[in-house]
Amino acid sequence: MRTDEFWQLIDSARSGGGEPDAIAARAAALLAARDPEEIIGYARHQRRVLTASYRVDLWGAAYLINGGASDDGFEYFRGWLMTQGREVFARAVADPDSLADLPRVRSASLSGEEFECEDMLAVPWDAYRKATATELPTDRESPPVPDLNDFWDFDDADEARRRLPKLAALFVEPPQE
């Protein structure tokens, strides 16, 4: 499956509207209607997308927005980010601070809403099981491990303001005077 096909399937699932879990369910149903080899291709592409988005500053953005982000929480955040479509996803990977421009993220700074979608990560497995009544074959190749040497203390308000100024303005308490 090519990049355009991957994101077109997600866009088709998004066209029905609704919450991220509903988008994930529609994506799984759309994918299940395809050839099993295409489902495997989707799974490989999803792994590449998730690997490319495994970045320290994006993790910091997820931490600020959701009030914390464990390893699993960061995975689920990126699942949610996939449900936002290709443009939002690519922009967030290139510039995590751009998430502050999303109206729903801005309103979350007041409501405390968190953004996660574990179901989006399960789309290829759910689709393959539905299409073949068997489990998705797993690749023997391990995904590349991203360089996380630039980790910073996500609880450090000054560092958050320096690295993610727009998100920090929304989610970090103002400095004490």
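UniProt annotations may be inferred rather than shown by experiment, and that caveat applies to the one used here. The UniProt record, an unreviewed entry, carries the annotation "domain: DUF4240" over residues 1-129. What follows describes a predicted model. In this model the annotated span is 74% helix and 0% strand, and its end C-alpha atoms sit 18 Å apart.

Helix 3 is a good place to start. This helix runs over residues 36-52 and has 17 residues, reaching 24 Å from its first C-alpha to its last, close to the 24 Å expected. Its buried residues are Ile39, Ile40, Gly41, Tyr42, Ala43, His45, Gln46, Val49 and Leu50. In general, an α-helix has 3.6 residues a turn, so residues three or four places apart point the same way. The buried residues of helix 3 have plenty of partners: they pack against helix 1 (3-14), helix 2 (20-32), helix 5 (71-83), helix 6, helix 8 (118-121) and helix 9.

One of these buried residues, His45 of helix 3, has a relative accessible area of 6%; this falls under the 20% cut-off, so His45 counts as buried. Leaving aside residues up to four places away in sequence, His45 touches Met1, Thr3 and Phe6.

The pairing of helix 3 with helix 9 (residues 123-132) can be described in more detail. The two pack at an angle of about 170 degrees, with their axes 9 Å apart. Angles over 145 degrees count as roughly antiparallel, and helix 3 and helix 9 are therefore roughly antiparallel to each other. On the helix 3 side, the contact is made by Pro36, Ile39, Ile40, Tyr42, Ala43 and Gln46; helix 9 brings Val123, Pro124, Trp125, Ala127, Tyr128, Ala131 and Thr132. Sorted by class, this contact has 11 nonpolar residues, two polar ones and no charged ones.

Past helix 9 comes the loop leading to helix 10 (157-163), and Ala133 lies in this loop. Its phi is near 60 degrees, a positive value in a residue other than glycine. Ala133 counts as exposed, because its relative accessibility is 70% and the cut-off is over 50%.

Helix 5 tells a more enclosed story. With 13 residues, helix 5 reaches 19 Å from its first C-alpha to its last, close to the 18 Å expected. Of those 13 residues, 10 are buried, so helix 5 is largely enclosed by the rest of the structure. The buried set is Gly73, Phe74, Tyr76, Phe77, Arg78, Gly79, Trp80, Leu81, Met82 and Thr83. Just after helix 5, Gly85 takes a positive phi of about 95 degrees.

Gly85 turns up again among the contacts of Arg14, which touches Ile23, Arg26, Thr83, Gln84 and Gly85, not counting residues up to four places away in sequence. Arg14 lies in helix 1 and is partly exposed, with a relative accessible area of 32%. Arg14 and Ala32 are 18 residues apart in sequence, and their C-alpha atoms are 16 Å apart in space.

A second arginine, Arg91, belongs to helix 6 (residues 86-94). Arg91 is also partly exposed, its relative accessible area being 36%. With residues up to four places away in sequence left out, Arg91 touches Pro96, Ser98 and Leu102.

How values were computed:
Residues are numbered from 1 along each chain as its sequence is written. This is a predicted model: local features need pLDDT of at least 70, side-chain atom pairs count only at pLDDT 80 or more; totals for chains, interfaces and linings use all residues. Side-chain values use heavy atoms; hydrogens and water are left out. Helices (H or I, at least four residues) and strands (E, at least two) are DSSP runs, numbered from the N terminus. Buried means under 20% relative accessible area, exposed over 50%, partly exposed in between (1.4 Å probe, protein chains only). Contact means heavy atoms within 4.5 Å. Axes are lines fitted to C-alpha atoms, for helices over the stretch in contact, and angles run from 0 to 180 degrees between N-to-C directions. Angles under 35 degrees count as roughly parallel, over 145 as roughly antiparallel, 65 to 115 as roughly perpendicular and the rest as oblique. Ala, Val, Leu, Ile, Met, Phe, Trp, Tyr, Cys and Pro count as nonpolar, Asp, Glu, Lys and Arg as charged, and the others, Gly among them, as polar. The expected span of a helix is 1.5 Å times one less than its number of residues.
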